[in-house]
Amino acid sequence: KGDAQFWTAHDKLFAGQLFVDDAELKLVATSLGVDPEVTLKAARDLKHKAALDADEQLMDELEVSTVPAFFVNGRKTTSLDALEDLVDEELPKAEAKVAAGASLAT
């Protein structure tokens, strides 16, 4: 059902909970207009396990242990407050490289 529905489901499922049982998962799926049986089957069949495992491996490689994590010019922060400062520090460096002829894609 798209990104908006994903985040709505995310917020409902993880609002202060560490475990979601089948009944709760069905309620959330139904409230979002998603077939609850299809949702339960996907969860039981570990339909998205490979993608989640790949994300976890990438987190390990990048030494990310919390989310959200942000990278700006290869520098990492996990704080939204620090993100603005990091962008402010890195933006002039990026602008200088572009002014010197670097491609925006690199």
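**Nonpolar clusters, salt bridges and backbone geometry in a predicted model**

L62 is partly exposed at 39% relative accessibility, where partly exposed denotes the range between buried (under 20% relative accessible area) and exposed (over 50%), evaluated with a 1.4 Å probe and protein chains only. The structure is a predicted model, in which local features need pLDDT of at least 70 and side-chain atom pairs count only at pLDDT 80 or more, whereas totals for chains, interfaces and linings use all residues. Residues are numbered from 1 along each chain as its sequence is written, and side-chain values use heavy atoms, with hydrogens and water left out.

L62 is located in the loop between α4 and β1; helices (H or I, at least four residues) and strands (E, at least two) are DSSP runs numbered from the N terminus. When residues up to four places away in sequence are not counted, L62 touches F71 and K76, contact being defined by heavy atoms within 4.5 Å. The C-alpha atoms of L62 and G74 are 10.0 Å apart, with a sequence separation of twelve residues. Together with L58 and F71, L62 makes a nonpolar surface patch of about 260 Å². Patches are made of residues with over 30% relative accessible area and no salt bridge, like charges being joined within 9 Å and nonpolar side chains (Val, Leu, Ile, Met, Phe, Trp, Tyr) within 5 Å. The accessible areas come from the Shrake-Rupley method with a 1.4 Å probe, and for residues only the protein chains shown count as cover. F71 belongs to strand β1, residues 70-72, and F71 counts as partly exposed because its relative accessibility is 38%.

The largest nonpolar core comprises six residues: A9, L13, L25, V28, L32 and L40. Helices α1 (2-13) and α2 (22-31) each contribute at least two residues to this core. A nonpolar core is a set of buried Ala, Val, Leu, Ile, Met, Phe, Trp, Tyr and Cys residues joined through side-chain atoms within 4.5 Å. Within the core, A9 is in contact with V28 and L32, residues up to four places away in sequence not being counted. In soluble globular proteins, nonpolar side chains tend to be buried together.

Seven salt bridges are present in the structure, each defined by a side-chain nitrogen of Lys or Arg within 4 Å of a carboxyl oxygen of Asp or Glu. One of these joins D45 to K41, with the closest N and O atoms 2.4 Å apart. D45 is partly exposed, at a relative accessible area of 46%, whereas K41 counts as exposed, at 52% relative accessibility. Another salt bridge links the side chains of K49 and D53, at an N to O distance of 2.8 Å. Both K49 and D53 are in helix α4, four residues apart, or about one turn of the helix. An α-helix has 3.6 residues a turn, so residues three or four places apart point the same way. K49 is partly exposed at 39% relative accessibility, and D53 is partly exposed with a relative accessible area of 35%.

A further salt bridge is formed between the side chains of R75 and E89, at 2.9 Å from N to O. This pair links distant parts of the chain, R75 lying in strand β2 (residues 75-77) and E89 in helix α5 (residues 80-99), 14 residues apart. R75 counts as partly exposed at 33% relative accessibility, as does E89 at 42%. R75, E89, E90 and K93 are joined into one network by salt bridges that share partners.

Helix α4 (residues 49-61) contains 13 residues and reaches 18 Å from its first C-alpha to its last, close to the 18 Å expected at 1.5 Å a residue; the expected span is 1.5 Å times one less than the number of residues. Helix α4 is followed by E63, which has a positive phi near 55 degrees. Most residues other than glycine have a negative phi, and most peptide bonds are trans. L46, a residue other than glycine, has a positive phi near 55 degrees and is placed in the loop between α3 (36-44) and α4. The phi of N73 is likewise positive, near 50 degrees, and N73 is found in the loop between β1 and β2.

In helix α5, A94 is partly exposed, with a relative accessible area of 29%. The C-alpha atoms of A94 and L104 are separated by 9.0 Å, and the two residues are ten residues apart along the chain.
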